Amino acid sequence: MADLRKRNLDLDSEDDKSLGNKVDLSNTIPSGTDKAPELLDATLSSLPPRWRNWVIRGIFTWVMIFGFALMIYAGPLALMLVVLAVQVKCFAEIINIGYAVYKIHGLPWFRSLSWYFLITSNYFFYGESLVDYFGVVDNRTEFLRALVKYHRFISFSLYIGGFVWFVLSLVKRYYMKQFSLFAWTHVALLIVVTQSYLIIRNIFQGLIWFIVPVSMIVCNDVMAYMFGFFFGRTPLIKLSPKKTWEGFIGGGFATVIFGLLISYVLCQYPFFVCPIEFNEELGRMTLDCEPSPLFRPQEYTVPASLAPLVRMVTGKNTVMIIPFLLHSLSMSVFSSVIGPFGGFFASGFKRAFKIKDFGDIIPGHGGIMDRFDCQYLMATFVNVYISSFIRMDSPQKLLQQIYSLKPELQLELFTALRDSLTTRGILQLPAP
């Protein structure tokens, strides 16, 4: 009896006595898949549950699509603020599941610490973007110049402050759960904050690098659901029993076609293809430029095997193609083949804790994370793709880096560049 009493006292917390039971949060985490406003719910009450869910899901899909269009119309700054808001909500949904799983009572600092680390991470990542794209503005005042110069040191100091705070908050009988929640918080930061940072980086390269990938994921999700709803017969993966091969393949073909069409349309407008840059004269961000060759039709020679067919149609062995359409094809294939695995990953996560959704904020869909699980995976791919195959440093970005140097180093760089241009005959100096 004494040994049993001692064993109970050594448990990591009062909730560890039930560790042998499976985690079930179905009654703790709200579900939004079957949720609908009362008026809409009453209107559709006569429909079978399957069709009722289909109608509700369809209505709020169009609501989100129109909302997305309005945000694009509002401009890049509005999009960035929305990305930040979505990030915060996704983080809250993931962290709330962690709190429900580990059930730590009487430790108020843990919730505060999670949000402190979120703020610190955002300060670092978004600060990096501001330094890169608004360096000219930041260097106008002494205060901002100091923040730019010591940005990473300040970020590191903030994180160390949180780390020390965590260590000081450790309680003997809660060690295991406290460290588990610490890890949970950092995984959530990795999934949410870093991915939203990459989305912001993509937006700065041009709205087309944000709109096209996001639209592809939406199209793939909608069309896979539609094909699966009407034609689905063959299960695709056990993690998501409702997913079918028919939906997967049908959604893939629809996404490729949709991606090419929307890419062709957006390439016609500088507003969508121009990088976002800060104009010192206007004092604001601008989307005005001469579109690069990437977004203008280029002549390509076709392979010899296809030459006779192309010659019959065009009368020559070449075709005119907008290069971005080829990149769009790569993104559409990724969003169709690999993108859904973000959803499968989220499905496995939810099944591990026996929850249907991450939340109930979107009727017919669930939580914000339920709709953005594939978007974050796509954002990473697009950022890596741009870095590997597209991006070149713009003159403005290079100038911002130069402006951050000390005056003597700027003068040294100017002299070296002037001498090099003169030697190569590019720059003609006036006669003395």
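Reader: Where does Lys354 lie?
Author: In this predicted model, Lys354 sits in the loop between helix 15 (340-352) and helix 16 (368-390).

Reader: What is its phi, roughly?
Author: Lys354 has a positive phi of about 55°, although it is not a glycine.

Reader: And why does Lys354 count as partly exposed?
Author: Its relative accessible area is 41%. Partly exposed runs between the 20% and 50% limits, so Lys354 falls in that class.

Reader: Switching to Asn202. Which helix is Asn202 found in?
Author: Helix 9, residues 175-204.

Reader: Is Asn202 buried or exposed?
Author: Buried. The relative accessible area of Asn202 is 4%, and the cut-off for buried is under 20%.

Reader: Which side chain makes a polar contact with the side chain of Asn202?
Author: That of Asn383, at 3.3 Å. There is also a backbone partner: a polar atom of the Asn202 side chain lies 3.3 Å from the backbone oxygen of Ala379.

Reader: What else does Asn202 touch, not counting residues up to four places away in sequence?
Author: Besides Ala379 and Asn383, the list holds Trp209, Val382 and Ile386.

Reader: Now Tyr225. Where does Tyr225 lie?
Author: In helix 10, residues 208-231. Tyr225 is partly exposed, at 24% relative accessibility.

Reader: Which residues does Tyr225 touch, leaving out those up to four places away in sequence?
Author: Asn53, Trp54 and Arg57.

Reader: How far apart are Tyr225 and Lys242?
Author: They are 17 residues apart in sequence. In space the C-alpha to C-alpha distance is 9.1 Å.

Reader: Next, helix 3 and helix 4. At what angle do their axes cross?
Author: Roughly 130°, and the axes come within 5 Å. That angle makes helix 3 (residues 49-74) oblique to helix 4 (residues 76-102).

Reader: Why oblique and not roughly antiparallel?
Author: Roughly antiparallel needs an angle over 145 degrees. Roughly perpendicular stops at 115. The crossing at roughly 130° fits neither, so helix 3 is oblique to helix 4.

Reader: Which residues meet there?
Author: From helix 3, Met71, Ile72 and Ala74. From helix 4, Ala78, Leu79 and Val82. By class, this contact has six nonpolar residues, no polar and no charged ones.

Reader: Last topic, confidence. What is the mean pLDDT of the protein chain?
Author: The mean is 81, and 80% of the residues reach 70 or more.

Reader: Over which residues is the pLDDT below 50?
Author: Residues 4-21. Beyond near neighbours in sequence, that stretch has 22 contacts in the model.

Terms used: Residues are numbered from 1 along each chain as its sequence is written. Side-chain values use heavy atoms; hydrogens and water are left out. Helices (H or I, at least four residues) and strands (E, at least two) are DSSP runs, numbered from the N terminus. Buried means under 20% relative accessible area, exposed over 50%, partly exposed in between (1.4 Å probe, protein chains only). A polar contact is a pair of N or O atoms within 3.5 Å; within protein, one must be able to donate a hydrogen and the other to accept it, and residues adjacent in sequence count only if both atoms are side-chain atoms. Contact means heavy atoms within 4.5 Å. pLDDT is the predictor's confidence in each residue, from 0 to 100. Axes are lines fitted to C-alpha atoms, for helices over the stretch in contact, and angles run from 0 to 180 degrees between N-to-C directions. Angles under 35 degrees count as roughly parallel, over 145 as roughly antiparallel, 65 to 115 as roughly perpendicular and the rest as oblique. Ala, Val, Leu, Ile, Met, Phe, Trp, Tyr, Cys and Pro count as nonpolar, Asp, Glu, Lys and Arg as charged, and the others, Gly among them, as polar.
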